[in-house]
Amino acid sequence: PPKSCPHFFCVEEQDNTRNFAEMGRNSDKLYITQKEWGQDFGGKKANTKDSFSVNELKGLPFDSCALSLQPFKEPVATSQGIVYDVTNILPWLKKHKIDPITGQPMSAKDLFPLKFHKNENEQYHCPITFKIFNNFTHIVAIKPSGHVYSYDAIQELNLKGKPKEMKDLLTDIPFTKEDIIPIQDPNNPERRKLSNFHHIKLGIKLKEDSKDPLDNINMSEKKKQMLRDLNDKHTKEQQKKKEQAIAEGEDVGLTTVSAQAPGFTSSSFGGSTMKVDARDIVKSTDKKGYVRVHTSLGDLNVELHCDLAPKTCENFLGLCEKGYYDGTIFHRVVPGFMIQGGDPTGTGKGGKSLWGKPFQDEFNNKLQHSARGLLSMANAGPNTNGSQFFFTFGACSHLDRKHSVFGKVVGGNETLAKMEKVPVDGERPLQTVTLTKVTIYTNPFKEIDPEVKKEEERKKAEEKKEGDRKGQWYSNPVENAPKAVRSGVGKYIGSTPVAATAGTKRTTEENGDNKPNKKPSLYGSIDY
């Protein structure tokens, strides 16, 4: 019958009706069983070979690492156009030494970096045509430069006309046709199918469970290795310091510290003491220190960063307080660079710290060798600070994180200029520049905050007052007790404490007012 006929079903509707009738398998039942629904008519199918081939049609996105299957951050590629994240592929190659996709032998030399470009919306696009990349864009990379373009741009501007020499569209680096690496080819989706990846076929995990906590942090392998090296270095230094403390005892600058009782009372612990290196005890403060350095050429007013480099400032202030620098000379002068002093021997090879032994460096991102007149520690290598220091004549950023900056000149720039003009023989000054003494104006490590001091005094006064009141209560608890004015309920209404009455009477007699006191009211001291 024709489809337009209202009295008959169309052919498609008749087919659907026939399928519905077959649900009962030529029976009279108007329902289907669970088995029939699962195998014949619908429901989730088992992961058979046919069903898996449907799921694998979706290939790996162009912006994902072929090893981790996650979006990449630092992409690199092979000559076959397989893209990896460098943080994933390098550990893999170090362990397996094969291409995780093809299974063929591979090394880090077979990789080259890729330079993807993004637009204002953080979308990957071609830097020439500004076409936004998607999973169906033909994307290629130029191997010598690493820049990634759409194939349309390369075909139109490089391949068209068959030029003798092709150049990169951004850098003009020459390349050949073999240097055009396909990253994504919509005409060849097989190469990006996950089922073809070697490491997926074999079920090899990208990362095995590791006890190293750095493996759970998302950072580059270079940074992780740097942190591991620093940790190893710190462990070795602590071990060396411990052995030195055991060997030398008090000579290392050890401080005796009492151990805390593990119970609520001191009787629960017999008590013990332990020796701690005084160089490891850092006094914290949020204030600056101020000193005046008196020299034979004039004075320098110096601000010390006690809040940012407390250990270094404590060392300098302690030596100044002891008069350690008095009469020393500046033994090294380099015009345009710095002037160095603080060595009692005047040779540049002497001087000890406040604790008698070298102490560790203190670095802070806010303290850089970026200006003239900065005060920094001289050393013979990492963590070898003693007593020697230097003032800079200009910026010297190459000393950052090698020498600890702990102060700056805030007055006496003319003196600093005189120091720079001192004649020298090599780096040895021909004119003697002497540090006569150092005057300390502010030492935050020994000063007490006035507000804290005032608060402590107030608390002591309150405690004393509370103690007096308690003592009075226990010694004479009825001294200020009120007296009954009648018998029965409310016998104390209208009464006043004895002490208050005596004080009132005494005040009245002093003022010469001898008027008789009013009779206490029934409702207290309220007068009408």
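**Entry 1: Phe 72 and Tyr 124**

I looked up Tyr 124 in this predicted model and found it buried, with a relative accessible area of 16%. The cut-off for buried is under 20%, so Tyr 124 meets it at 16%. Its ring partner, Phe 72, is buried as well, at 5% relative accessible area.

I then counted the ring pairs: the structure holds 13 aromatic pairs. In the pair of Phe 72 and Tyr 124, the ring centres lie 6.1 Å apart and the planes stand at 55°, so I recorded the pair as tilted. Phe 72 sits in the loop between α3 (49-55) and β1 (75-77), whereas Tyr 124 belongs to strand β5 (residues 124-125); the pair therefore ties together parts that are 52 residues apart in sequence.

**Entry 2: Phe 316 and Phe 406**

I next examined the aromatic pair of Phe 316 and Phe 406, which is tilted, with 5.4 Å centre to centre and 55° between the planes. I placed Phe 316 in helix α8 and Phe 406 in strand β20 (residues 405-411), so this pair ties together parts that are 90 residues apart in sequence. I noted both Phe 316 and Phe 406 as buried.

Which residues do ring pairs link into a cluster with Phe 316? I listed Tyr 324, Tyr 325, Phe 330, Phe 389, Phe 391 and Phe 406 alongside Phe 316.

**Entry 3: the sheet of β7, β6 and β10**

I traced an open sheet of 3 strands in the order β7-β6-β10, with antiparallel pairing. Its edge strands are β7 (148-150) and β10 (180-184), each of which pairs on one side only. On average, neighbouring strands of this sheet are turned by 35° against each other, direction ignored.

I found 4 bridges joining strand β6 (residues 139-142) to β10, the two running antiparallel. Within β10, Gln 184 is the bridge partner of Ile 139.

Helix α5 (residues 151-159) packs on the sheet, where I saw that it touches β6, β7 and β10; the direction of α5 makes about 90° with that of β7.

**Entry 4: the buried residues of α5**

Which residues of α5 are buried? I noted Ala 153, Ile 154 and Asn 158. They span an arc of only 95° around the axis, so they lie on the same side of α5. The buried residues of α5 pack against β6, β7 and β10, and also against β8 (166-167) and β9 (174-175).

**Entry 5: salt bridges**

I obtained a count of 10 salt bridges, and I looked up three pairs.

I began with Arg 458 and Glu 462, whose side chains meet in a salt bridge at 2.5 Å, N to O. Both lie in helix α10 (residues 450-475), 4 residues apart, about one turn of the helix. I recorded Arg 458 as partly exposed at 38% relative accessibility, and Glu 462 as partly exposed at 43%.

I then turned to Asp 307 and Lys 288, which form a salt bridge with the closest N and O atoms 3.1 Å apart. This pair links distant parts of the chain: Asp 307 is in the loop between β14 (298-304) and α8 (310-322), and Lys 288 is in the loop between β12 (273-277) and β13 (289-295), 19 residues apart. Asp 307 is partly exposed at 29%, and Lys 288 is partly exposed at 22%.

Finally, I looked up Glu 122 and Lys 118, whose side chains meet in a salt bridge at 3.6 Å, N to O. Is Glu 122 buried or exposed? I found Glu 122 exposed, at 55% relative accessibility, whereas Lys 118 is partly exposed at 42%.

Note on methods
Residues are numbered from 1 along each chain as its sequence is written. This is a predicted model: local features need pLDDT of at least 70, side-chain atom pairs count only at pLDDT 80 or more; totals for chains, interfaces and linings use all residues. Side-chain values use heavy atoms; hydrogens and water are left out. Two strands pair if DSSP finds at least two bridges between them. Axes are lines fitted to C-alpha atoms, for helices over the stretch in contact, and angles run from 0 to 180 degrees between N-to-C directions. Contact means heavy atoms within 4.5 Å. Buried means under 20% relative accessible area, exposed over 50%, partly exposed in between (1.4 Å probe, protein chains only). The arc is that of the directions from the helix axis to the C-beta atoms. A salt bridge is a side-chain nitrogen of Lys or Arg within 4 Å of a carboxyl oxygen of Asp or Glu. Rings of Phe, Tyr and Trp (its six-membered ring) pair if their centres lie within 6.5 Å; planes under 30 degrees apart count as stacked, over 60 as edge-to-face and the rest as tilted.
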